[in-house]
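Hi everyone, thanks for making time for this one. Please have the viewer open, and I'll walk you through a few places that are worth a look.

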Amino acid sequence: MTAPKWFTDGFPHVWLPYSQMQTAPTPLAAKSTQGCTITLEDGHELVDGIASWWTACHGYNPPHVIEAMKHQLDVMPHVMFGGLNHEPALKLAKRLADLLPGDLNRVFFVDSGSVSVEVAMKMSIQYWINKGVKGRSKFVSFKDGYHGDTLGCMSIADPEEGMHHVFNEVLFEQFVVDVPRSPKQLEEFDAFLAKHKDEIAGVITEPLVQGAGGMKMFSPDVLKNMCETVQKHELLFIVDEIFTGFGRTGTMFAIDQAEIVPDIICLSKALTAGVCPLACAVAQDHIYEAFLSESFDDALQHGPTYMANPLACAAANASLDLFEQEPRLEQVKHIHQKLRNALTPLQSIKGVKDIRILGAIGVVQVWDIKDTNWLKKRFVEEGVWLRPFRDIIYLTPAFTISDDELDKLTGTIEKVLTQWSEL
C-alpha cells in the first residue's frame, strides 16, 4: 500500500526512540486502536501483546476512561497546579494514598516516569540536606536496572549492560551492585551499605521484575530482605513501580507481595490506563515532614508545567474505578496460568535459554536473538505486535485480553521461534 500523505510528509521530520535513523526499518502507520487490536492504515490488524509499553492495562479505548476524559475536556482540560488545586488531582491523591501501604501519603505529580524517579532522587538528597546531614548525595541501584532516560535516571542504570553506557563519562557517579539474591550476596550488600552509609542518599530498585533490563525477576523474599537491610542502616528505600504497578505482577503493587513500605514509590505507565501521560512520586509522611519549615529553601524545589494535569488525573481516577469494579487481578491470575501453560513447553526449542512468568508477564529468553528486525517483521506478518529486545521475546498483554487473542500471541511465538531456531 502507498503510504498516506501525512506519513510521507511528516516522517522526514521526526526522530524515533531508540532507533538508528539511518538503518532502522520504516515504522508502521497506525490508524486506530480498540480493545487489544492495533489497526494499521492498510487495514492490517495486529493483536497487541505488550499493551503499548505496558500501559494499556484495560485494553485500548476503555469506554469508562474515555467518557471521563470527555467530561473533563468540557470542564477543564488543564490548569496550573501552582497556587491552584482541582478535584481530579486531590481525589486521585487520596485514592493512591488509600491504596498504598503504611504512611505513603504524600503524592507529588509529574508527567512521566523518568521525571518521577528524578523527583524521588531530589527528595532523597534534599531530605538529608534539610535534616542537616552532609555528604549523602549518591544512590545505590542494581545491575540490570533501568529507571528512565533523563540524566539522573541514566546514572542509576546498569553502566555496562544498560542502554546509556555511551554517557558514562558525564553521568553522576553512583553505586551499582548485584541484586542480593543469595544469603552471601545479602551479607555483601549489608556490608556495602555499612561501609558507604555516609555517602548514600537512597537505594532504588524495581520490585520483583527489572523490566527494560531484560525482564529479570527475583522473589518477594529478596525484595523484603533488601528493604529491611536498607532500613536497618536508616537509609531511604525507593521503589520504582513504573512498570510493575497496577496489577502487572498479580497484586495491585509488587511491594504488596513482600509486605514492605518503601520511603518513596514511583508510579506511572498504567496509572492512566495508557491514554495520556501522568506519573507521581509518593513519599512517606516522615519524608514530607523534613521539608516543612519557615524557610523557602527547605521546600521541594521542583514543579513541572503540566503536573497534576486535570485530564490525566480524570483518566487515572477512571482507571482506578475499573480496578474496583472489574475483576482485574483475577484476570491477571488467569493470564498467568495461560502463559505458564503455553510458554513453558517452549523451553525445548533449540536456542531457548529460559522461560519466566510472573502475573501478566511472560518471557522467553534465548541465547542469541540473532536478528531482532527479522523477528519483528515475522510477528507483524503473523498479525501480532511484539517487540523483542536484548535477548528476550516477552508478553505483557492488557488484562482484558481474550483467550483467543492470548492463544494467538503464544501460538505465534511458538511458530516464529521454531522457524528462528532453524535459521
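I'll start with the two domains, then go to one histidine, one helix and some salt bridges.

Before anything else, keep in mind that this is a predicted model. The protein splits into domain 1, which covers 5–61 + 327–422, and domain 2, which covers 76–325. Taken over C-alpha atoms, the centres of the two domains are 27 Å apart.

So how much area do domain 1 and domain 2 bury between them? The value is about 2400 Å², with 65% of it on carbon and sulfur atoms. If you'd like three residues to click on, take Y18, W54 and R390: they supply 28% of the area that domain 1 buries against domain 2, more than any other three residues. In terms of contacts, 26 residues of domain 1 touch 31 residues of domain 2.

What about polar links and charges? Nine residue pairs are in polar contact between domain 1 and domain 2, counting pairs with both residues at pLDDT 80 or more, while the number of salt bridges across this interface is zero. On the domain 1 side, the residues that touch domain 2 comprise 19 nonpolar, four polar and three charged ones.

Now please zoom in on H58, in the loop between α2 and α3. Is H58 buried or exposed? It counts as buried, because its relative accessibility is 6% and the cut-off for buried is under 20%. Beyond its neighbours within four places in sequence, H58 is in contact with A273, S319, L322, F323, R328, A398 and T400. With S319, the side chain of H58 makes a polar contact of 2.8 Å. A273 is 215 residues away from H58 along the chain, yet their C-alpha atoms are separated by 6.3 Å.

Next, helix α13, residues 372–381. At its N-terminal end the cap is D371, with a side-chain oxygen 3.1 Å from the backbone nitrogen of N373. After the helix comes G383, with a positive phi near 90 degrees. Which residues of α13 are buried? They are L375, K376, R378, F379 and V380, and the elements covering them include β3, β15, β16 and α14.

The same helix brings us to the salt bridges. As a reminder, side chains of opposite charge can pair when their charged atoms come close. In α13, E381 pairs with K377, with the closest N and O atoms 2.7 Å apart. These two are four residues apart in the helix, which means a separation of about one helical turn. K377 is exposed, with a relative accessible area of 53%, and E381 is partly exposed at 43%. Salt bridges with shared partners join K377, R378, E381, E382 and K415 into one network.

The structure holds 18 salt bridges, and I'd like to show you two others. One is D321 with R95, where the closest N and O atoms are 2.9 Å apart. This pair links helix α11, where D321 sits, to helix α4, where R95 sits, across 226 residues. Both D321 and R95 are buried.

The other is K232 with D190, with closest N and O atoms 2.7 Å apart. Here the link runs from helix α8, which holds K232, to helix α7, which holds D190, 42 residues apart. K232 counts as exposed, at 52% relative accessibility.

That's my tour, and I'm happy to go back to any of these views.

How values were computed. Residues numbered from 1 in each chain as written. Predicted model: local features only at pLDDT ≥ 70, side-chain atom pairs only at ≥ 80, totals over all residues. Heavy atoms only, no water. Domains from an automatic or database assignment. Contact = heavy atoms within 4.5 Å. Buried area = accessible area lost by both parts, 1.4 Å probe. Salt bridge = Lys/Arg side-chain N within 4 Å of Asp/Glu carboxyl O. Polar contact = N/O pair within 3.5 Å; in protein donor to acceptor, adjacent residues only side chain to side chain. Nonpolar A, V, L, I, M, F, W, Y, C, P; charged D, E, K, R; others polar. Buried < 20%, exposed > 50% of the residue type's maximum accessible area, 1.4 Å probe, protein only.
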